[in-house]
Amino acid sequence: MKSLIVGSLSILMVTIVSPLNAAVTTPINLVHLARNGYFQEQGIPSHMALKKAIARGQVNGETLVQAAIEANRVSADLLNDSSYVRSVDRQLDFLFES
């Protein structure tokens with residue numbers, strides 16, 4: 001329950017910080033896409049291999065955002081948006097802990 005609340009607050013924070021980017025893929029959606037294999041061509045593993053890569057430090061918010069940029073899922077500007085990258089990091093942590 002705690003992770004759900006914190007995750008929701010993370011999304012709210014990103015939405016408040018960048019309201020003009022309403023069409024931006026949310027951190028939760030980005031991690032969901034990664035878990036389901038949408039970034040395998042960019043070197044991001046899916047499912048259990050993703051959890052292992054997170055544990056080893058091979059995948060973090062920055063690497064996932066970079067992969068999403070390469071896959072044309074998000075704007076390159078988001079790599080410089082520290083609050084967005086931190087929110088992706090948090091969502092990856094939640095995925096790892098689940």
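Two residues are in contact here when heavy atoms lie within 4.5 Å. Keep that in mind for the exercises below, and remember that the model is predicted.

**Exercise 1. Get your bearings: how many helices and strands does the chain have, and what pattern does the chain follow?**

Solution. Start by counting: there are 5 helices and 0 strands. Walk along the sequence and you read α-α-α-α-α. Next, burial: 38% of the 98 residues count as buried. Finally, take the contacts with a separation of 6 or more; 60% of them join residues 24 or more positions apart.

**Exercise 2. Work out how α2 and α4 are arranged, and which residues meet.**

Solution. Step one is the axes: those of helix α2 (residues 27-35) and α4 come within 11 Å and cross at roughly 80°. Step two is the label. Angles from 65 to 115 degrees count as roughly perpendicular, so α2 and α4 are roughly perpendicular to each other. Step three is the residues: on the α2 side you'll find Leu30, Val31 and Ala34, and they meet Leu64, Val65 and Ala68 of α4. Sort this contact by class and you get 6 nonpolar residues, no polar and no charged.

**Exercise 3. Now do the same for α4 and α5: at roughly what angle do the axes cross, and which residues make the contact?**

Solution. The axes of helix α4 (residues 61-70) and helix α5 (residues 82-97) come within 8 Å, crossing at roughly 110°. That makes α4 roughly perpendicular to α5. From α4, the contact uses Gly61, Glu62, Leu64 and Val65, while α5 brings Tyr84, Val85, Val88, Asp89 and Leu92. The class tally is 6 nonpolar, 1 polar and 2 charged residues.

**Exercise 4. Place Leu78: is it buried or exposed, and what does it touch?**

Solution. First find Leu78 in the loop between α4 and α5. Buried means under 20% relative accessible area; Leu78 comes in at 5% relative accessibility, so it counts as buried. Skip the neighbours within four places in sequence, and Leu78 is in contact with Val24, Val65, Tyr84 and Val85. For a distance check, try Glu62: it sits 16 residues from Leu78 in sequence and 9.5 Å away in space, C-alpha to C-alpha.

**Exercise 5. Look for a charge partner for Lys51: which side chain of opposite charge is nearest?**

Solution. Lys51 lies in helix α3 (residues 47-55). Lys51 is buried, and the nearest side chain of opposite charge is Glu97, 10 Å away. A salt bridge needs a separation within 4 Å, and Lys51 has none. What does it touch instead? Beyond its neighbours within four places in sequence, Lys51 is in contact with Leu95, Phe96 and Ser98.

Key. Residues numbered from 1 in each chain as written. Predicted model: local features only at pLDDT ≥ 70, side-chain atom pairs only at ≥ 80, totals over all residues. Heavy atoms only, no water. Helix = DSSP H or I, 4+ residues; strand = E, 2+ residues; numbered from the N terminus. Buried < 20%, exposed > 50% of the residue type's maximum accessible area, 1.4 Å probe, protein only. Lys, Arg positive; Asp, Glu negative; His and termini not counted. Axes fitted to C-alpha atoms, helices over the stretch in contact; angles between N-to-C directions. Parallel < 35°, antiparallel > 145°, perpendicular 65-115°, else oblique. Nonpolar A, V, L, I, M, F, W, Y, C, P; charged D, E, K, R; others polar.
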